[in-house]
Amino acid sequence: MTEKETDRDDKKTERVLFLWDRLSRGGSVSRQEMVETFGVNLRTASRYLAEIRKYLAEREEQDHVHRELYYDRARKVYRIRELEEEMIRPSELYAIGKILLASRAFHKKELESLLRRLLQSAVLGTDKKEVERYIRGELFDYLDPAHEKPDVENLWTAAGAVRKHHILSFDYRRQGEKEASPHEICPEGVLFSEYYFYVVGIPKAEEKLAGADTRVYRLDRMSSLMDTGESFTVNYGRRFREGIFKNSIQYMYGGRPEHIRFLYRGPSLEAVLDRLPTAKAKAQKDGSFLITDVIRGDGILMWLLSQGKRVKMLSPTSLREKWLKEAEAICLENEEKE
């Protein structure tokens, strides 16, 4: 092979790889674009497309995933069908961006970096600019959350310890306390709720106790977090399930499960069922709804009190008394200020 032929083959390989990179990330290309970009004729552009089809066939032999280079007649461009379906669509990325902004989990600089990298890896060209334009305004007015920024490396360490069933050690500073105290737990899960990441687990000292309660720890209050490598035994009969646990608590207040009953007289039953996803609602003759559910902890009180006269707590008696006492205290304090 002559030097000229080698140079021609190298250029072809380089151009085909360039096209593959674009197409494999959900992009598109036309023959005319190849002619203008590479300075070749239409026949050569067709050869590049043939090389990509050949490569797709080789990939299919390796991973048994069928991918097709097809011609989009409406837009007059070529795309890869299977890979295009795997990419995040601009509309989906826009929704993800809105959720991240609303969560207020990250400080502004971190969020800017995260969104920029998502845009870079998920969408291309004009779609990328359009999504960026949609979220830029809200990001400009974004305010840092009051809590310390979450250490995502700690989050990843905790997730690994959960999967491997390893003891986690860390120093933890509780609300209102100036000094942190050492903790060791058997981690059961990692959750996000109401602006914060949490690690839930059982204290190592209570590992063997029957009916030991799961505790909740806020990630941004943890320091010196470490996977000790020490294993703990998982009781598969009471194996922790993050989704079920989160559905049964409010504002991450842990506690033992208990049945609750209250009447709801508000305008949006859907809002109640979104807040309490496992609740059951039964219509009453007076137009109210009897809501029943199994929940953990007193976090439900915060939501009940926010509903004012729209709710009437029925049971359990202990929770009803706390609800009444708190409501009376609010009224008394406002009367004194007047």
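This text leads through a predicted model, from the chain as a whole to its main sheet, one buried arginine and the nonpolar cores.

The chain has 12 helices and 11 strands. Its radius of gyration is 28 Å, well over the 20 Å that the globule rule gives for 338 residues, so the chain is more spread out than a compact globule. Along the principal axes, the C-alpha atoms fill a box of roughly 90 × 55 × 40 Å. Of the 338 residues, 36% count as buried. Among the contacts with a separation of 6 or more, 60% are made by residues 24 or more positions apart.

The sheet comes next. Five strands form an open sheet in the order β6-β5-β4-β3-β7, with antiparallel pairing. Its edge strands are β6 and β7 (222-231), each of which pairs on one side only. On average, neighbouring strands of this sheet are turned by 45° against each other, direction ignored. Helix α8 (residues 152-164) packs on the sheet and touches β3, β4, β5 and β7. The direction of α8 makes about 95° with that of β4.

Within the sheet, strand β3 (residues 166-172) and strand β4 (residues 181-193) run antiparallel and are joined by 5 bridges. Here Tyr172 stands opposite Ser181 in β4. On to the next pair: β4 and strand β5 (residues 196-203) are also antiparallel, over 8 bridges. The register of this pair can be read from Ile185, whose bridge partner in β5 is Pro203, and from Val190, which stands opposite Val199 in β5. The hairpin of β4 and β5 has 2 residues between the strands, and in it Glu194 takes a positive phi near 50°.

At one edge of the sheet, strand β6 (residues 215-218) contains Arg218. Is this arginine buried or exposed? Its relative accessible area is 13%, and buried means under 20%, so Arg218 counts as buried. The side chain of Arg218 makes a polar contact of 2.8 Å with the side chain of Asp220. Not counting residues up to four places away in sequence, Arg218 touches His147, Tyr172, Tyr196, Phe197 and Tyr198. One of these, Tyr172, is the residue that stands opposite Ser181.

In soluble globular proteins, nonpolar side chains tend to be buried together. In this model the largest nonpolar core has 24 residues, and those with the most contacts inside it are Leu111, Leu168, Phe170, Val199 and Met222. The elements that give two or more residues to this core are α5 (90-103), α6 (108-122), α7 (125-140), α8, β3, β4, β5 and β7. Helix α8 supplies the largest share, 4 residues. Leaving aside its neighbours within four places in sequence, Leu168 is in contact with Thr157, Ala158, Ala161, His183, Glu184, Ile185, Pro187, Val199, Leu225, Met226 and Asp227. Two residues of the β4–β5 register therefore recur in this list: Ile185, the partner of Pro203, and Val199, opposite Val190.

A second, separate core has 17 residues and includes Ile260, Phe262, Leu301 and Trp323. Leu301 lies in helix α11 (residues 299-306), where Gly299, Ile300, Leu301, Trp303 and Leu304 are buried. Just after α11, Gly308 takes a positive phi of about 60°.

Definitions and conventions
Residues numbered from 1 in each chain as written. Predicted model: local features only at pLDDT ≥ 70, side-chain atom pairs only at ≥ 80, totals over all residues. Heavy atoms only, no water. Pairing = 2+ DSSP bridges. Buried < 20%, exposed > 50% of the residue type's maximum accessible area, 1.4 Å probe, protein only. Polar contact = N/O pair within 3.5 Å; in protein donor to acceptor, adjacent residues only side chain to side chain. Contact = heavy atoms within 4.5 Å. Axes fitted to C-alpha atoms, helices over the stretch in contact; angles between N-to-C directions. Core = buried A, V, L, I, M, F, W, Y, C linked by side-chain atoms within 4.5 Å. Rg over C-alpha atoms; globule rule 2.2 N^0.38 Å.
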